[in-house]
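Here's a walk through one model, written for someone who would rather look at the geometry than read a summary of it. Keep the viewer open while you read.

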Amino acid sequence: FCFLDRIINSMAARKIIEVEVLYATALRSGKHNDMYVKVKAGDTKYKSSVIKDTVDPSWVRDSKFWKDSHVRFSGDGVIEVSVWEKHKLKDQFLGGYEIHPQEMELTRKKTVVKKDLEDRAGQANSVSGQLAIGVRQRSSLGFPFQEFADQHGNIRPAELVEKLRTLKPGEVDLDDDSLLGPGCESTVLNAFLVHFANFESEKELVEEGVGLCVKLGADATLKNMGGHFLMTENPPLYNAVYLNLDGCIDALLSVHSDPNAKCHSGSSSALHAAAGMGRGSILRE
């Protein structure tokens, strides 16, 4: 199952709602305690991976791939979520609830919804427990990272660059901080910098990739929120200087990236980093 197959096949800007299955607590103990979650919104249906032998399953902790815990759909209709126990013959409904995105003030930042599970109408199950999900709103279709990354979130630069060469500005949301892998939320631009930090290879491809992102309208100020520990929460320009990637630096400066923007500690900036490396002139030219 691939959640991308469920997305409406239009690349036009629109409201996209993203639901992330997070965790459940104190579910009703059953025969097997092998739990999963279903999400339904209109014609879009999604089923999470099964977390075995627990009444407190967490899909954040156990997900191996981004698609194991996320689903996206267009519009703002009712979202139905439900928890199920996996059985050999017929799975057992353990409870669920509905949320209404149109009544929520959603942004790009994840809103966590945690609610008590409820019975289905007309059914008298003994329901217990809570389910937490994350909900956020996108304005356009996000970039399909999973086609160009392995299970650890490491991108394949050659394939990613080849894809970027085919795109037009605004065709996809390059600023979508999709989850590349466990604990690695990244925009497309930052994914190239993280890749070079991890492997110090394919410099020309990385520099071309960052340049293409800039030409396609990516936000050059968005910080990376995970992945390589040295790259976390730093402005892209700071990371490009730190990694000594002149092509990336030129591309970022062409869209007026701020050389004085602070790194995650607040103690330095791209200008300071360049000066410390004896290359201050690269940001002053």
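What follows goes from the overall make-up to a sheet, then to some helices, and ends with a few loop residues.

**Overall make-up**

Keep in mind that this is a predicted model. The protein has seven helices and 10 strands. Of its 285 residues, 48% count as buried. Take the contacts between residues at least 6 apart in sequence: 65% of these join residues at least 24 apart.

**The four-stranded sheet**

Four strands make up an open sheet, in the order β3-β2-β5-β6, and the pairing is antiparallel. At the edges sit β3 (44-47) and β6 (92-99), each of which pairs on one side only. From one strand to the next, the twist averages 15°.

Let's start inside the sheet with β2, which covers residues 35-41. Five of its seven residues are buried, so β2 is largely enclosed by the rest of the structure. On one side, β2 pairs with β5 in the antiparallel sense over six bridges, and Met-35 stands opposite Glu-85 of β5. β2 also pairs with β3, again antiparallel, over four bridges; here Lys-40 has Lys-45 in β3 as its bridge partner. β2 and β3 form a hairpin with two residues between them, and Gly-42 in that turn has a positive phi of about 65°.

Moving on to β5 (residues 79-85), seven bridges join this strand to β6, and the two run antiparallel. If you want a pair to click on, try Trp-84, whose bridge partner in β6 is Phe-93. As a general point, side chains in a regular strand alternate between the two faces of the sheet.

**Helix α4 and its neighbours**

Now for the helices. α4 spans residues 203-215, so 13 residues in total, and at 1.5 Å a residue it should span 18 Å; its end C-alpha atoms are 18 Å apart, which agrees. Which residues of α4 are buried? They are Val-206, Glu-207, Gly-209, Val-210, Gly-211, Leu-212, Cys-213 and Val-214. The cover over these buried residues includes α2 (157-165), α3 (188-199) and α6 (246-254). Just after α4, Gly-217 takes a positive phi of about 95°.

How do α4 and α6 sit relative to each other? Their axes come within 8 Å and cross at roughly 10°. That angle makes α4 roughly parallel to α6. On the α4 side, the contact is made by Val-206, Glu-207, Val-210, Gly-211 and Val-214. On the α6 side, the residues are Asp-246, Gly-247, Cys-248, Ala-251, Leu-252 and Ser-254.

As for α2, its residues Pro-157, Leu-160, Val-161 and Leu-164 are buried. Seen down the axis of α2, the buried residues fall within an arc of 100°, so they line one face of the helix. They pack against α3 and α4.

**Loop residues to look at**

Here are four loop residues side by side, with their accessibility.

| Residue | Status | Relative accessible area |
|---|---|---|
| Asn-33 | buried | 13% |
| Ser-268 | buried | 14% |
| Leu-222 | partly exposed | 28% |
| His-256 | exposed | 71% |

Two of these are worth a look for their backbone angles. Most residues other than glycine have a negative phi. Asn-33, in the loop between β1 (16-25) and β2, has a phi near 60°, a positive value in a residue other than glycine. His-256, in the loop between α6 and α7, also has a positive phi, about 60°, although it is not a glycine. On burial, Asn-33 is buried at 13%, whereas His-256 is exposed at 71%.

Ser-268 lies in the loop between α6 and α7 (270-276). Leaving out residues up to four places away in sequence, Ser-268 touches Tyr-238, Ala-261, Lys-262, Cys-263 and Ala-273.

Leu-222 has its place in the loop between α4 and α5 (236-242). With residues up to four places away in sequence again left out, Leu-222 touches Asp-175, Thr-187, Asn-190 and Pro-236. Leu-222 and Glu-233 are 11 residues apart in sequence, and their C-alpha atoms are 8.8 Å apart in space.

Definitions and conventions: Residues numbered from 1 in each chain as written. Predicted model: local features only at pLDDT ≥ 70, side-chain atom pairs only at ≥ 80, totals over all residues. Heavy atoms only, no water. Pairing = 2+ DSSP bridges. Axes fitted to C-alpha atoms, helices over the stretch in contact; angles between N-to-C directions. Expected span 1.5 Å × (residues − 1). Buried < 20%, exposed > 50% of the residue type's maximum accessible area, 1.4 Å probe, protein only. Contact = heavy atoms within 4.5 Å. Arc of directions from axis to C-beta. Parallel < 35°, antiparallel > 145°, perpendicular 65-115°, else oblique.
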